[in-house]
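Colleague: I'm new to this one, so could you walk me through it? I'll ask as we go.

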Amino acid sequence: MAGWNENQLRKYNIKLEKIPTLQYDDPKLDSHLTNNYPVLIKGSKLVSRVLKWDLDYLKQHMSSVCCNVIVSKNHKFKYYDPKKITPNMTFKPISRPSPMIFSEFADKITNWKKGDSRLYLQQVLNNTIGQHVVRDFVMFNWDWIMSKQKICKWGPLSSNLILIAQEGNVTPCHYDEQQNMFASIRGYKRFILFPPSQFECLYPHPVHHPYDRQSQVDFDNPDFTKFPKFKEACGYEVIVGPEDVLYIPMYWFHHVESLKHGGYTVSINFWFKAGSVEKIEYPLLDYQRMVIMRNVEKMLAEALHDPSEVGNMLKTIFLGRYS
Ligand SMILES: CC1(C)c2ccccc2-c2ccc(C[C@@H](CC(=O)O)C(=O)C(=O)O)cc21
Ligand SMILES: [Zn+2]
């Protein structure tokens with residue numbers, strides 16, 4: 001495989017399998033998508049018209065646009081929801097938002113030196129980013145991706161984010177509640193995906209924690225005392241390169257890294273709301289079990305009027321009665 005090699009990958013001792021790769025017009029593709037199974041899609045030309053989106057081009061056409069940039073003291077960009085930080089909580093995130101204009105971001109990552117804070121631009125593509133970029137945006141292969149949206153009965157497109165990461169940046173393991181068609185424009189990103197059935201091995205934070213949806217396990221230094229089942233986790237690995245599209249099914253956990261020494265990466269994600277489930281069928285699908293667990297946590301927090309009491313009540317219900 002041109003363009004990258006194994007020593008650009010961070011070392012984790014996690015069992016890894018491969019993700020299938022299919023051409024965009026392969027008849028087998030739709031069954032992967034409709035069955036919520038990840039697949040690397042080649043040849044879709046979804047974003048081929050914007051392969052020119054490198055730092056210089058974007059500096060030219062959106063240099064004064066204020067963008068959402070995350071700054072981190074290390075290589076990990078663990079997202080948190082600021083709305084879930086309560087006054088009596090001591091929450092010290094490693095990464096934090098630091099909005100800046102595009103040209104400042106571009107200069108900072110161009111002149112970055114070891115020891116500097118790392119940056120990650122995650123900007124919603126909307127009409128505030130200048131008509132040039134919007135004009136390019138409308139040239140995505142919308143017919144193809146909208147045909148998939150229809151076949152899979154996904155909900156509406158909820159957002160397109162442009163992601164510009166420094167080489168080596170990591171988005172730690174988390175899941176999203178939306179279907180994601182992830183397109184790479186520049187550079188290579190390594191994904192490690194885990195199905196919803198591995199919820200027990202990945203220990204996501206409580207729903208009411210600012211780190212909701214993010215795994216508690218630090219892949220760089222896993223605490224096997226607190227998270228013993230992480231030893232049993234079995235991931236699916238795939239390298240996403242320029243023009244590739246990766247389908248990330250909703251509720252699938254994913255760890256994402258921009259390959260070391262590969263230069264900055266430019267990607268675009270297409271998030272679709274989940275389609276409305278016509279009829280619940282049994283046995284339940286694994287992602288539906290995650291939805292149920294989330295609802296139990298939410299309902300208990302609501303009923304108790306205090307999220308910090310949820311754990312104790314679950315323990316009371318469980319110990320000696322269901323254990
Ligand atoms: C989950 C999170 C933190 C988030 C919360 C609220 C609004 C936006 C986003 C957002 C946008 C992009 C990413 C990065 C991307 C992986 C990668 O390319 O690094 C990824 O995980 C994905 O595309 O799903 C992650 C997030
Ligand atoms: Zn994600």
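Colleague: Let's start with the metal. Which residues coordinate the zinc ion (ligand 2), and at what distance?

Modeller: Keep in mind that this is a predicted model. His-174 and His-254 each offer NE2 to the zinc ion (ligand 2), and Asp-176 offers OD. Along the chain these donors follow the spacing H-x1-D-x77-H. So the residues you want are His-174, Asp-176 and His-254, and the distance is 2.1 Å.

Colleague: How many residues apart in sequence are the parts that Asp-176 and His-254 tie together?

Modeller: Asp-176 sits in the loop between strand E10 (170–174) and strand E11 (179–186), while His-254 belongs to strand E15 (residues 253–258). Because both of them hold the zinc ion, the pair links parts of the chain separated by 78 residues.

Colleague: Are Asp-176 and His-254 buried or exposed?

Modeller: The cut-off for buried is under 20% relative accessible area. Asp-176 meets that, and His-254 does too, so both are buried.

Colleague: On to ligand 1. How much of its accessible area does the protein cover?

Modeller: Look at the polar contacts to begin with: side-chain atoms of Tyr-120 and Thr-171 each lie 2.6 Å from an oxygen atom of ligand 1. His-174, a zinc donor as well, has a polar side-chain atom 3.0 Å from an oxygen atom of ligand 1. On its own the ligand has 530 Å² of accessible area, and the protein covers 90% of that.

Colleague: Which elements give two or more residues to the shell around ligand 1?

Modeller: There are 15 residues around ligand 1, and among those that come nearest are Lys-189 and Asn-269. The elements giving two or more are strand E9 (157–165), E10, E11, E15 and strand E16 (265–272).

Colleague: What does the side chain of Asn-160 reach?

Modeller: Asn-160 is found in strand E9. It's buried, with a relative accessible area of 3%. At 3.3 Å, its side chain reaches the backbone oxygen of Asn-269.

Colleague: Now the surface. Which helix gives the most to the nonpolar patch?

Modeller: The patch has about 710 Å² of accessible area together, and its members include Val-296, Met-313 and Phe-318. Helix H7 (286–304) and helix H8 (310–318) each supply at least two residues. With four residues, the one that gives the most is H8.

Colleague: And why does Ile-292 count as partly exposed?

Modeller: Ile-292 is in helix H7 and is one of the patch residues. Partly exposed lies between the 20% and 50% cut-offs. Ile-292 counts as partly exposed because its relative accessibility is 41%.

Note on methods
Residues are numbered from 1 along each chain as its sequence is written. Chains are lettered from A and ligands numbered from 1 in the order in which they are written. This is a predicted model: local features need pLDDT of at least 70, side-chain atom pairs count only at pLDDT 80 or more; totals for chains, interfaces and linings use all residues. Side-chain values use heavy atoms; hydrogens and water are left out. Donors are N, O and S atoms within 2.8 Å of the metal (3.2 Å for Na, K and Ca); water is not among the atoms, so sites may look incomplete. Buried means under 20% relative accessible area, exposed over 50%, partly exposed in between (1.4 Å probe, protein chains only). Patches are made of residues with over 30% relative accessible area and no salt bridge: like charges are joined within 9 Å, nonpolar side chains (Val, Leu, Ile, Met, Phe, Trp, Tyr) within 5 Å. Accessible areas come from the Shrake-Rupley method with a 1.4 Å probe; for residues, only the protein chains shown count as cover. A salt bridge is a side-chain nitrogen of Lys or Arg within 4 Å of a carboxyl oxygen of Asp or Glu. A residue is near a molecule or strand if one of its heavy atoms lies within 4 Å of it. A polar contact is a pair of N or O atoms within 3.5 Å; within protein, one must be able to donate a hydrogen and the other to accept it, and residues adjacent in sequence count only if both atoms are side-chain atoms.
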